[in-house]
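Q: I am new to this structure and should be grateful for a close look at a single part of it. Please describe that part with its surroundings, and explain each term as it arises.

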Amino acid sequence: MKPPELSYTIWFSQRTGSTLLNYALESTGVAGNPGEWMNGRDPDKISKEDVEKMWEAGTTPNGVFGVKTSLNAEWIQRFRNLYDIPETATQAEVWRTAFPNCTKHIYMTRRNKVRLAVSWWRAIVSGEWHRQYGEKPQESDIADKYNFDAINHLFIECSIREAAMEAFFSEENIIPMTIVYEDFILDYEGTVMNVIEFLGIPGDNVKVSPPALSRIADDVAEEWVQRFREERQEGWQRKSW
């Protein structure tokens, strides 16, 4: 397959709105289809032909390709080996070899990491990762599934993931477009159009579909947020929140 004319990557930690953005950008028909093309796949079994199939799946007719991912060192190393790239090359150089013309990066984050971790744990125990817009809430009793250690692990993991992404950007002084979850949900269409502009795609005739997903947060999640907040700071002389 012919390499994409423009590639971009959405870098995300869980529960930051990346799937909502994926659906929105795909709906425009001109901004690629930034899916998780590497999710659930074994890096060691990926060939160059497999990578080209990712290009095909994520590219719109105008030659724009998108992919979204949490940074995974195993994939960077696999691409390095697959394309015989020296260890001295930056991670971004490796990424551009696998995904040609990847000159744009979008970094998705969430200010409140406690709410992020709770949302992540809620999704794990309920099995409800996304809710289509207008769909009724999934019926499941998860009130007794609170787990401090699990939420604390996810609280730390999201921070480590973001640190890894920051290191990726810092190697080449890359300045990504940063999308903050709390702002995105307040200005959905405006955020999507800002991405279109950032990618350099003419936006005069671009139409953004309504949000494909609904928020899942509920009273149980809020109870867990407040419980974790208290337990995480137990014994602190100066509580921050």
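A: What follows is a close look at one helix and at the core that surrounds it.

The model is a predicted one, in which local features need pLDDT of at least 70, side-chain atom pairs count only at pLDDT 80 or more, and totals for chains, interfaces and linings use all residues. Residues are numbered from 1 along each chain as its sequence is written, and side-chain values use heavy atoms, with hydrogens and water left out.

The part chosen is helix H2, which spans residues 48-58. Helices (H or I, at least four residues) and strands (E, at least two) are DSSP runs, numbered from the N terminus. Within H2, Asp50, Val51, Met54, Trp55 and Gly58 are buried, where buried stands for under 20% relative accessible area, exposed for over 50%, and partly exposed for what lies in between (1.4 Å probe, protein chains only). Viewed down the axis of H2, these buried residues fall within an arc of 155 degrees, so they line one face of the helix; the arc is that of the directions from the helix axis to the C-beta atoms. Glu49, Lys53 and Glu56, on the other side of H2, are exposed. An α-helix has 3.6 residues a turn, so residues three or four places apart point the same way.

The cover over the buried residues of H2 includes strand S2 (64-69), helix H3 (73-82) and helix H4 (91-98). Contact here means heavy atoms within 4.5 Å. One buried residue of H2, Val51, touches Ile46, Phe79, Leu82, Tyr83, Ala98 and Phe99, not counting residues up to four places away in sequence.

Val51 also belongs to the largest nonpolar core, which has 27 residues. Such a core is a set of buried Ala, Val, Leu, Ile, Met, Phe, Trp, Tyr and Cys residues joined through side-chain atoms within 4.5 Å. Met38, Val51, Phe79, Trp95, Phe99 and Phe168 are the members that touch the most others. Two or more residues come from each of H2, S2, H3, H4, strand S3 (102-109) and H6. A separate second core, of 24 residues, includes Tyr8, Leu21, Val206 and Leu213.

Aromatic rings add detail to these surroundings. The structure holds 14 aromatic pairs, counted for rings of Phe, Tyr and Trp (its six-membered ring) whose centres lie within 6.5 Å; planes under 30 degrees apart are stacked, over 60 edge-to-face, and the rest tilted. The ring centres of Phe79 and Trp95 are 5.9 Å apart and their planes stand at 70 degrees, so this pair is edge-to-face. It links distant parts of the chain, with Phe79 in helix H3 and Trp95 in helix H4, 16 residues apart. Phe79 and Trp95 are both buried. Ring pairs join Trp11, Phe65, Trp75, Phe79, Trp95, Phe99, Tyr107, Phe168 and Phe169 into a cluster.

A charged residue is also found over a ring, in that Lys68 lies over the face of Phe12, 4.3 Å from the ring centre. The criterion is that NZ of Lys or CZ of Arg is within 6 Å of the ring centre and within 35 degrees of the ring normal.

In short, H2 has one face lined by its buried residues and exposed residues on the other side.
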